[in-house]
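Here are my notes after a pass through the model you sent. They run from the overall make-up to single residues, so keep the viewer open while you read.

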Amino acid sequence: MKRFSWLGIFSRLGSVLRPFRSVRRARLGRAQLNIEALEGRLVPAAVAPGAVWYDGYDDAQGQRLGVTVTLKNEGSTWLEVGGGGGAVTVAPGTPPSGSGGSSSSLSVELSPDGGNGTGGSSVPVVPAYAFSVTGLQGDGSGDVTWSGAAESLYITATGDVSSLAISGDLFVRAGWTIGDLSARTVSARAGQSIGNVNASDDVGELSAGTTIGMVTATDAIGVVMAGTSVADVSAGGNITSISAGTNTKAVNAGGWLGSVIAGLDVGGTVSAGLWIGGAYLPDAGPDDNQAWQYVTYGGGVSAGRDVTSAVSASRGIVGVKAGRNVVGSISASGGDIWWVTAGGGGVQTPATNPDPSLNAESGGWTPYAPGNISGNVQASRDIHAISATGDVQGNVSAQGGFVRGVNAGGQITGNVSAGTDVGGFQLRQLDDAWHPFDWWMYFNG
């Protein structure tokens, strides 16, 4: 399974978000066209690699006035740029006639020893469209509309980025909203919302200040984070983490699923073709202590209020936790369940006039009613702990192993059964590719 480090890419792109202090003319010998007035209309301009485009007009003294938006071409290919009023339209471009440029790639002459020089072969640079847009009309300006095919596309904008679809790799960073995205690989960050996302390969990282739409990947999904809600998420391979400030919907991983976290409700079914929670390292051996020590461990499924639907894994489940109720069934058809807990959550009400000298968490706390586990909990081998501040209403069944403990603040009305014994415990051999916790290898001796 491939691994990506999108954070490094976005860190590099982030530097281009800073406001431009000045607009410099292109270096002598480089062709550059800016927006020009033609019969009261703005026409697109060809923008060379490394050049800066800006709207507006020149007065009689040659001073540029009325600039509302700027674009810097960060890539190795020409762009066609138009727009105004704080927004731009961008497409693949071609150099103007006689410029001597290439619209598809740049070449670097390499000497026989691999350095720059003469006498070497011409090595084409892989073309990549990359640009940054800065709006000068206040918050939210600096919008981008892209049209055209791209093998790879990097966009940074201070405003909105409209919906787009390419066949290659896509990286988008917007100060406000991002529309629907479709590409081979996708990573995106938005200050506000992100629309639906579809990747024919992987989704690396998605983060939004408010909502994220449906997310689908043929292979893996990395980290998806939304300030409010996330719609349905589905991957043919692994999913590292899904988190939302309020609610999530259905989450389905064909492989391993690290964690699903909701500030309020995990509001749809959660399923995995392998394990839920823990760490999955198919390329590391069970005794590679350094690899298992520094990998990220997922916590399973966690809701600040309710887990409303079924949670299932074809192997094991580290944990399912709800601040109030666990409503759906919990099943691990090929392994163990470590814990299922319900209750103990509540609603924090901020103080209306907080005293700065007091703790920042001062305010009202209203606990939820005692939490219940309503659905059945079933594992093909062991169940370690079931706990509810209210009732355990569903059946608890460890078909091939033990049930270590079931506790309820109210009543246990479901049946509790085990293949070996109830109340016992037995150490198990570690899986080669998966560990439930970072300390589990030491606990198992």
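1. A bit of vocabulary before the hairpin comes up: strands here are DSSP runs of E with at least two residues, numbered from the N terminus, and two strands pair if DSSP finds at least two bridges between them. Bear in mind too that this is a predicted model.

2. With that in hand, look at strand 8 and strand 9. They form a hairpin with two residues between them, and G85 in that turn has a positive phi of about 65°. Strand 8 covers residues 79–84 and strand 9 covers residues 87–92; the two run antiparallel and are joined by six bridges. If you want to check the register by eye, G84 stands opposite A87, and L79 has P92 as its bridge partner in strand 9.

3. Which strands does the hairpin sit with? Strands 8 and 9 belong to an open sheet of four strands, in the order 3-8-9-13 and with mixed pairing. At the edges are strand 3 (45–47) and strand 13 (143–146), each of which pairs on one side only. From one strand to the next, the twist averages 30°. The parallel part of the mix includes strand 9 and strand 13, which pair in that sense over four bridges; V90, for one, has W146 as its bridge partner in strand 13. As a general reminder, strands of a sheet pair through backbone hydrogen bonds, either parallel or antiparallel.

4. Zooming out, the secondary structure comes to three helices and 41 strands. Of the 445 residues in the protein, 44% are buried. Among contacts with a separation of 6 or more, 31% are between residues 24 or more positions apart. The protein exposes about 20,500 Å², with carbon and sulfur atoms supplying 50% of that area.

5. Now the aromatics. How many aromatic pairs does a search of the whole structure find? It finds 10. One of them is W275 with W434, which is stacked at 5.1 Å centre to centre with 5° between the planes. W275 lies in the loop between strand 27 (270–272) and strand 28 (279–280), while W434 is in strand 41 (residues 434–435), so this pair ties together parts that are 159 residues apart in sequence. Both W275 and W434 are buried.

6. Compare the geometry of W338 and F437. Their ring centres are 6.2 Å apart and their planes stand at 85°, so this pair is edge-to-face. It also links distant parts of the chain: W338 is in strand 33 (residues 337–342) and F437 is in the loop between strand 41 and helix 3 (440–443), 99 residues apart. Both W338 and F437 are buried. The two pairs belong to a bigger picture, too: ring pairs link W256, W275, Y280, W338, W339, W434 and F437 into a cluster.

7. Two arginines are worth a look if you care about charges over rings. R324 lies over the face of Y368, at 5.3 Å from the ring centre. R404 lies over the face of F425, and there the value is 4.3 Å from the ring centre.

8. Is A332 buried or exposed? Its relative accessible area is 2%, and buried means under 20%, so A332 is buried. A332 is found in strand 32 (residues 330–332). G316 is 16 residues away from A332 in sequence, with 5.0 Å from C-alpha to C-alpha. Leaving out residues up to four places away in sequence, A332 touches A313, R315, G316, I317, I337, Q378, A379 and S380.

9. For a contrast, take G400, whose place is in the loop between strand 38 (396–398) and strand 39 (406–408). At 41% relative accessibility, G400 counts as partly exposed. G400 and G335 are 65 residues apart in sequence, and 9.3 Å apart in space from C-alpha to C-alpha. With residues up to four places away in sequence not counted, G400 touches S380, R381, G419, T420 and R428. S380 turns up in the contact list of A332 and also in that of G400.

Note on methods:
Residues numbered from 1 in each chain as written. Predicted model: local features only at pLDDT ≥ 70, side-chain atom pairs only at ≥ 80, totals over all residues. Heavy atoms only, no water. Phe/Tyr/Trp six-rings, centres within 6.5 Å; stacked < 30°, edge-to-face > 60°. Buried < 20%, exposed > 50% of the residue type's maximum accessible area, 1.4 Å probe, protein only. Lys NZ or Arg CZ within 6 Å of the ring centre and 35° of its normal. Axes fitted to C-alpha atoms, helices over the stretch in contact; angles between N-to-C directions. Contact = heavy atoms within 4.5 Å. Areas by Shrake-Rupley, 256 points an atom, 1.4 Å probe, with all protein chains shown as cover.
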